[in-house]
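Got the model open in your viewer? Let's take a walk through it, one stop at a time.

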Amino acid sequence: LVCQNLEKISRWNIPAKLNAFPPGLDSIYERMMEQIRNSDDADLCKQILASIAIVYQPITLKEPTSLVEILEDRADDLESLGEIVTLCGSFLTTRYGTIYFVHQSAKDYLFTKALDEIFPSRREEAHYVIFSRSLLAMSRTLRRDMYSLRALGYPAEQVKPPDPDPLAASRYSCIYWIDHLWDWRLHSSADHSVDLQYIGAVNSFIRMKYLYWVEALSLCKSMSKGVLSMAKLEALFQGRADASVLIKLVRDARRLIMYHKRALENNPLQVYVSALVFSPAQSLIRDLFKRKEPKWITIKPAIEEKWSPCLQTLEGHSDQVNSVAFSHDSARLASASHGSTVKLWEASSGECLQTLQGHSGPVNSVAFSHDSARLASASHDRTVKIWEANSGECLQTLQGHNGPVNSVAFSHDSARLASASFDRTVKLWEASSGGCLYTLSIGKALSSISFNITDSYLYTDLGTIDISALSDLVVLPTTLEPHNP
C-alpha cells in the first residue's frame with residue numbers, strides 16, 4: 001500500500017512522505033477511508049466496496065455493472081470501470097481484469113472498523129441488493145442459445161465465449177444469486193410485504209427464464225453449483241404457507257436439473273430437447289416451456305407421469321458397490337467398491353469430489369465420524385483406514401485382524417472405532433491414535449456392527465455386545481431375526 005502511494009513521488013520527497021504515513025494498518029486504512037469520504041465519488045466508492053466485500057468469489061471489471069445500479073450503463077466502458085476501482089482509496093486492485101482486495105486485512109477492516117459506513121443498511125440488506133440486481137440483470141440478458149451455438153448437440157468442451165460475451169456482466173449473478181438470497185433471508189427480519197416481493201420475483205424468474213438460466217450455468221461450467229443452489233432455494237421455501245405454489249415449482253425445477261445434469265454439462269442446448277422431452281408428462285417446468293421443444297419431434301417417447309422417487313444415480317465405480325454412507329451433516333456421501341476404491345460424493349449435486357485409493361482389496365464398509373470430519377473404510381485386505389473427509393488424506397491404517405474386515409463404525413463421540421471381521425473377532429480402536437484397545441472373540445464371523453446412542457453397546461447381526469464394562473464382556477442375544485447369508 002505504501003509503495004503504491006510512493007510510486008509517483010520524486011526521490012528526494014520519499015523520506016518526508018514515509019514519515020507522513022501513520023504506523024499500523026488500521027491507521028493507513030482509516031486514512032484511505034478519509035480520502036474516500038472527501039472525494040466527489042464517495043457514495044459510488046462505498047457501494048463498490050460493499051459489493052466486492054460480500055461477493056463469494058472475485059468478480060471481473062464488468063460484473064459490478066450488474067450489481068451496482070449506478071454502473072449499469074457503463075458495461076462497455078472498461079477504461080472507466082478501471083478508473084472507478086482506482087478511486088476506492090487503494091483498497092482494491094485489478095489483475096487480468098479481475099478485482100481483488102489489495103490484502104485480506106483491507107477486507108477485514110471494512111467488516112470491523114468501517115462496517116457501519118460501508119453497510120449503512122446492514123450487511124444483510126447488501127445481500128438483498130445483489131440478489132435483486134442479479135435477478136434483474138439475468139432477466140434482461142438471458143435468452144435461448146446465448147452463444148449462438150445453433151447445433152443442439154454442440155459439445156460443451158468446444159464452447160468458446162463470443163466477443164462480446166453476452167454473459168460477461170451477469171456470469172457471477174447466474175452462479176450466486178440464490179446464495180445472496182439465502183444469506184439475506186437467513187439473517188433478515190423482513191416484513192410481509194418484502195417477503196411477498198421476493199417470492200413473486202423468484203416465481204416470475206423461474207416461470208419465464210429457468211431454462212435459459214440452466215443453459216447459462218452449463219456455459220459457465222457450473223451445473224453442479226446450480227443443483228446445490230436449487231436445493232438451497234427449495235429449503236428456503238420449505239414449509240411456508242405463503243409459498244405453497246412456488247415450492248412445488250421449485251421442487252420440480254430442482255428435479256429437472258438433477259435428473260438431466262450429466263447431459264446438460266456435456267451439451268448446453270440439450271436443455272431444450274432431452275431435458276423437456278424426457279421429463280415426466282406432469283412436470284411443471286416441461287409444461288411452462290413446452291413451446292421450446294423442437295417442432296421436428298413428432299413422436300415422443302413414453303414417459304412416466306411423475307418424477308421417479310429416485311433422486312439421483314451416481315456413476316463412476318468400475319465394480320460393484322458394497323457399502324454406502326451419508327455424512328451426519330448430510331452434505332456428503334461415501335461409497336465403497338469391490339474394486340478397492342472409496343468415492344466421496346457431494347450429496348446435493350451428485351458430483352464426485354474425490355476417489356480414495358489405498359486398499360489392496362475390495363472395500364466392504366464405510367462409515368463417517370459423527371462430526372463428519374473423518375471417514376473409516378474396512379477392507380478385504382484385513383485393514384481399516386481412517387481418512388480426512390475434506391482432503392481425502394489417509395490418516396491411519398489399522399492393522400491386526402487375521403481375516404477380511406466386513407464392517408466398521410464410529411462411536412457417537414467419534415473417539416472410538418469398532419471393526420468386525422471374518423476372523424470372528426471385534427476390535428475396538430482409539431480413533432485418534434489408531435491403537436487397538438480391545439479384541440473381542442465372538443466365535444462367529446460378523447457382517448455388520450454399530451454403536452448404540454450411548455456408546456455402551458455394539459449392535460451386530462448376531463447379537464448385542466455390552467461394552468459398558470470391558471472387564472466383563474457379555475454377548476447378549478439379539479431380539480432381531482437373523483439375516484439369511
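Take residues 314-355: this span is 0% helix and 52% strand, and its end C-alpha atoms lie 13 Å apart. Keep in mind that you're looking at a predicted model. Now slide along to residues 356-397, where the chain is 0% helix and 57% strand. The end C-alpha atoms of that span are 13 Å apart. What does the UniProt record say about these stretches? In an unreviewed entry, it annotates "repeat: WD" over residues 314-355, 356-397 and 398-439.

Next, a pair of helices. Helix 10 takes in residues 171-187 and helix 12 residues 223-237, and their axes come within 9 Å of each other. The two axes cross at roughly 30°. Because angles under 35 degrees count as roughly parallel, helix 10 is roughly parallel to helix 12. As for handedness, helix 10 passes helix 12 in a left-handed crossing. Which residues make the contact? Helix 10 brings Ile175, Tyr176, Trp177, Ile178, Asp179, Leu181, Trp182 and Arg185, while helix 12 supplies Lys225, Ser229, Met230, Lys232, Leu233, Ala235 and Leu236. Sorted by class, the contact of helix 10 with helix 12 comes to 10 nonpolar, 4 charged and 1 polar.

Helix 10 also helps you find the next stop. Asp145 sits in the loop between helix 9 (123-141) and helix 10. Is Asp145 buried or exposed? With a relative accessibility of 13%, Asp145 counts as buried, because the cut-off for that label is under 20% relative accessible area. Setting aside neighbours within four places in sequence, Asp145 is in contact with Arg150, Glu215, Leu269 and Tyr272. Tyr272 is 127 residues from Asp145 in sequence, yet their C-alpha atoms are 9.7 Å apart in space.

Another charged residue to click on is Lys46, which is placed in helix 4 (residues 42-54). At 18% relative accessibility, Lys46 counts as buried too. Leaving out residues up to four places away in sequence, Lys46 touches Ile36, Arg37, Glu117 and Ile118.

Finish with Arg11, in the loop between helix 1 (2-6) and helix 2 (14-20). Its relative accessible area is 73%, so Arg11 is exposed. How far apart are the C-alpha atoms of Arg11 and Ala389? They are separated by 55 Å, with the two positions 378 residues apart along the chain as the offset. Ala389 also takes you back to where the walk began, since residues 356-397 are one of the spans that the UniProt entry annotates as "repeat: WD".

How values were computed:
Residues numbered from 1 in each chain as written. Predicted model: local features only at pLDDT ≥ 70, side-chain atom pairs only at ≥ 80, totals over all residues. Heavy atoms only, no water. Axes fitted to C-alpha atoms, helices over the stretch in contact; angles between N-to-C directions. Helix = DSSP H or I, 4+ residues; strand = E, 2+ residues; numbered from the N terminus. Parallel < 35°, antiparallel > 145°, perpendicular 65-115°, else oblique. Left-handed = near helix turned anticlockwise from the far one by under 90°. Contact = heavy atoms within 4.5 Å. Buried < 20%, exposed > 50% of the residue type's maximum accessible area, 1.4 Å probe, protein only. UniProt positions renumbered as here; feature names shortened; annotations may be inferred.
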